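Q: Could you take a close look at one part of this structure for me, the largest nonpolar core, and then place it in the rest of the chain? Keep it relaxed, but stick to what can be read off the model.

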Amino acid sequence: MASLLPRIERLSSRVVRVLGCNPGPMTLQGTNTYLVGTGPRRILIDTGEPAIPEYIGCLKQALTEFNISIQEILVTHWHHDHTGGISDICRNIHNDSEYCISKLPRTPHREEIIEGEKLKYSYLKDGDVLKTEGATLRVLYTPGHTDDHMALHLVEENAIFSGDCILGEGTAVFEDLYDYMKSLEMLLQMQADLIYPGHGPVVHDACAKIQGYISHRNAREQQILNVLQENAGKSFTSVELIKIVYKVIIVKMLLN
Ligand SMILES: [Zn+2]
């Protein structure tokens with residue numbers, strides 16, 4: 001059962017979550033965007049989908065409520081439910097100077113222009129540190145969900161903004177399983193206390209959650225190996241394999 005998240009919520013003394021107001025099967029209750037810091041200017045992590053006026057309204061409300069403005073914008077990866085709100089923020093939320101919008105570059109590198117704007121990203125690299133009053137964020141290159149995915153370590157809370165690498169509920173999809181598993185192992189080694197995911201509620205048992213993701217993937221791999229062993233000599237397309245593996249799971253669930 002999905003937990004109901006309020007649109008604006010102060011999660012700690014330095015983290016405020018503003019929901020992207022874009023609920024859907026892939027986004028759970030929508031994208032989580034976070035205002036980070038304790039001073040008058042905060043770092044915004046992720047921006048939700050394009051053309052969601054409700055989100056811009058919520059973000060404005062949060063800025064007013066806490067009497068703060070946006071120092072800069074970071075996006076965890078290129079997917080539109082994380083970068084899509086950038087243009088609307090730039091157009092509708094006044095800032096003293098042009099917004100600095102940062103992310104990791106795509107691999108292989110390709111030029112990225114922010115939708116509908118002449119704005120360009122400023123590119124970060126693994127290990128970069130971003131600071132604002134009351135918060136220090138360290139960039140963690142965590143590819144797998146996408147080739148440009150970054151998580152951010154919030155040093156003061158030993159917390160991780162995990163983007164779409166780890167979600168608050170269910171499991172994440174990925175482009176590259178090898179990279180994804182390596183990223184999960186790396187995040188596990190951080191021994192974080194808390195995860196602020198890109199979708200879904202805050203994860204308080206961070207290590208158990210990451211370990212659960214790793215075990216889940218390994219179990220799926222074992223199921224696939226079992227199918228191949230039971231059908232030695234036969235070849236399968238990936239679609240056929242998915243059908244077989246997931247059918248076994250459904251049958252098991254029905255028998256339990
Ligand atoms: Zn994504």
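A: Happy to. This is a predicted model, and the protein chain is built from six helices and twelve strands.

Let's go straight to the core. It has 25 residues, and those touching the most other members are Leu35, Tyr55, Leu59, Ile70 and Ile89. Four elements each put in at least two residues: strand 2 (15-19), helix 1 (53-65), strand 5 (69-74) and helix 3 (86-92). Helix 1 gives the largest share, with six residues. As background, nonpolar side chains in soluble globular proteins tend to be buried together.

Leu59 is a handy place to stand and look around. Setting aside neighbours within four places in sequence, Leu59 is in contact with Val18, Leu35, Leu44, Ile70, Ile89 and Ile93. Three of the well-connected core members, Leu35, Ile70 and Ile89, turn up in that list.

Now step away from the core to strand 10 (150-154) and the loop leading into it. Leu154 sits in strand 10 and, with a relative accessibility of 0%, counts as buried. Again leaving out neighbours within four places, the contacts of Leu154 are Arg14, Val15, Val36, Ala135, Thr136, Leu137, Ala159, Phe161 and Tyr196. For a sense of distance, Leu154 and Lys120 are 34 residues apart along the chain, and their C-alpha atoms are separated by 25 Å.

His149 lies in the loop between strand 9 (135-141) and strand 10. Being in a loop doesn't put His149 on the surface here: its relative accessibility is 0%, so it counts as buried. Beyond four places in sequence, His149 is in contact with Thr76, His77, Leu104, Leu140, Tyr141, Thr142, Pro143, Ser162, Gly163, Asp164 and Cys165.

For the opposite case, try Lys118, in the loop between strand 6 (101-103) and strand 7 (122-123). Lys118 has a relative accessible area of 83%, so it is exposed. Ser87 is 31 residues away from Lys118 in sequence, yet the two C-alpha atoms are 9.7 Å apart. That same loop between strand 6 and strand 7 also holds Pro108, and the peptide bond from Thr107 to Pro108 is cis, with omega near -5°.

Two more backbone spots deserve a glance. Cys21, in the loop between strand 2 and strand 3 (32-36), has a positive phi of about 55° although it is not a glycine. Cys21 counts as buried, at 10% relative accessibility. Asn158 isn't a glycine either, and has a positive phi of about 45°; look for Asn158 in the loop between strand 10 and strand 11 (159-163).

Zooming out, 51% of the 256 residues count as buried. The radius of gyration is 19 Å, which agrees with the value near 18 Å for a compact globule of 256 residues. Along the principal axes, the C-alpha atoms fill a box of roughly 65 × 40 × 35 Å. Of the contacts between residues at least 6 apart in sequence, 61% join residues at least 24 apart. On the outside, the accessible surface comes to about 12700 Å², with 56% belonging to carbon and sulfur atoms. As for charge, there are 24 positive and 32 negative side chains, and the centres of the two sets lie 2 Å apart.

Definitions and conventions:
Residues numbered from 1 in each chain as written. Predicted model: local features only at pLDDT ≥ 70, side-chain atom pairs only at ≥ 80, totals over all residues. Heavy atoms only, no water. Rg over C-alpha atoms; globule rule 2.2 N^0.38 Å. Buried < 20%, exposed > 50% of the residue type's maximum accessible area, 1.4 Å probe, protein only. Contact = heavy atoms within 4.5 Å. Areas by Shrake-Rupley, 256 points an atom, 1.4 Å probe, with all protein chains shown as cover. Lys, Arg positive; Asp, Glu negative; His and termini not counted. Charge placed at Lys NZ, Arg CZ, Asp CG, Glu CD. Core = buried A, V, L, I, M, F, W, Y, C linked by side-chain atoms within 4.5 Å.
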